[in-house]
Amino acid sequence: MRYVRFAFWGALGILLISVSLANRAIVDLQLMPDAVAELLGFNPSISLPLFVVVLGGIASGLIIGFIWEWIREHKHRRAAGGQAREVRKLSREVSKLKTQKNAGKDEVLAILDDAN
């Protein structure tokens with residue numbers, strides 16, 4: 001399975017490199033459309049290779065998706081944390097009750113009583 005994973009990542013890397021080499025043309029990215037820029041009087045722009053724009057868009061989409069999903073799952077993580085605290089609390093309580101029940105008994109008999 002490890003070789004399949006290495007083959008997949010290798011093929012993906014070769015694909016990304018070939019796309020990058022095929023799309024080296026410089027493009028201008030503008031902040032606003034021309035009509036809006038005329039109204040405001042400015043329009044910052046930057047010149048980048050096309051593959052940087054495409055791969056940057058993919059990376060930005062992944063990051064935004066990961067953050068969105070992390071925020072969406074917050075309630076589930078909070079509920080799981082609350083349940084874990086409850087389990088720890090109940091475990092301590094069970095240990096305390098066992099200690100109280102077996103107070104003054106022989107250790108071997110206490111262990112045998114706890115097994116039942």
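# Guided tour of the predicted model

Begin by selecting Glu-69, Arg-72 and Glu-73, which salt bridges link into a network. Keep in mind throughout that the model is predicted.

**Stop 1: the salt-bridge network**

Show the side chains of Arg-72 and Glu-69. They form a salt bridge, and the closest N and O atoms are 2.4 Å apart. Where do Arg-72 and Glu-69 stand relative to each other in helix H3? They are three residues apart in that helix, so about one helical turn separates them.

Now add Glu-73. Its side chain meets that of Arg-72 in a salt bridge, at 4.0 Å from N to O. The cut-off for a salt bridge is a nitrogen–oxygen distance within 4 Å, so the pair of Glu-73 and Arg-72 qualifies. The count of salt bridges comes to two. As a general point, side chains of opposite charge can pair when their charged atoms come close.

Colour these residues by accessibility. Arg-72 is partly exposed, with a relative accessible area of 44%. Glu-69 is also partly exposed, at 30%, and Glu-73 is partly exposed at 32%.

**Stop 2: helix H4 and its positive patch**

Select residues 74-101, which make up helix H4. Lys-89 lies in this helix. Then pick Arg-85, Arg-88, Lys-89 and Arg-92 and turn on the surface: these residues gather in a patch of positive charge. How exposed is Lys-89? Its relative accessible area is 44%, which places Lys-89 in the partly exposed class.

**Stop 3: helix H3 and the nonpolar patch**

Go to helix H3, residues 50-72. With the surface still on, select Leu-16, Val-54, Leu-55, Ile-58, Leu-62 and Phe-66. Together they make a nonpolar surface patch of about 540 Å². Which helix gives the most to this patch? Helix H3 does, with five residues. Ile-58 is one of the patch residues, and Ile-58 is found in helix H3.

**Stop 4: the annotated spans**

Select residues 46-68. An unreviewed UniProt entry places the feature "transmembrane region" here. In the model this span is 83% helix and 17% strand. Place a distance between its end C-alpha atoms, and the value is 28 Å.

Extend the selection to residues 46-94. The unreviewed UniProt entry gives these residues the annotation "domain: Lipopolysaccharide assembly protein A". Over residues 46-94 the chain is 90% helix and 8% strand. The end C-alpha atoms of this span are 66 Å apart.

**Stop 5: Ile-46 and strand E2**

Both annotated spans start at residue 46, so centre the view on Ile-46 next. Ile-46 is found in strand E2. It is partly exposed, with a relative accessible area of 46%. Draw a distance from Ile-46 to His-74: the two are 28 residues apart along the chain, and their C-alpha atoms are separated by 37 Å.

**Stop 6: Ala-22 at helix H1**

Select residues 2-22, helix H1, and find Ala-22 within it. Is Ala-22 buried or exposed? Ala-22 counts as exposed, at 63% relative accessibility. Now draw a distance from Ala-22 to Leu-50. These two residues are 28 apart in sequence, and their C-alpha atoms are 9.4 Å apart in space. The pair Ile-46 and His-74 has a sequence separation of 28 residues too, with 37 Å between C-alpha atoms.

**Stop 7: Asn-43 and the loop before strand E2**

Finish in the loop between helix H2 (34-40) and strand E2 (45-49), where Asn-43 is found. Asn-43 counts as partly exposed, at 24% relative accessibility. For a last distance, connect Asn-43 to Gln-83. They are 40 residues apart in sequence and 53 Å apart in space, C-alpha to C-alpha.

Terms used:
Residues are numbered from 1 along each chain as its sequence is written. This is a predicted model: local features need pLDDT of at least 70, side-chain atom pairs count only at pLDDT 80 or more; totals for chains, interfaces and linings use all residues. Side-chain values use heavy atoms; hydrogens and water are left out. Helices (H or I, at least four residues) and strands (E, at least two) are DSSP runs, numbered from the N terminus. Patches are made of residues with over 30% relative accessible area and no salt bridge: like charges are joined within 9 Å, nonpolar side chains (Val, Leu, Ile, Met, Phe, Trp, Tyr) within 5 Å. Accessible areas come from the Shrake-Rupley method with a 1.4 Å probe; for residues, only the protein chains shown count as cover. Lys and Arg count as positive and Asp and Glu as negative; His and the chain ends are not counted. The place of a charge is taken as NZ of Lys, CZ of Arg, CG of Asp or CD of Glu. Buried means under 20% relative accessible area, exposed over 50%, partly exposed in between (1.4 Å probe, protein chains only).
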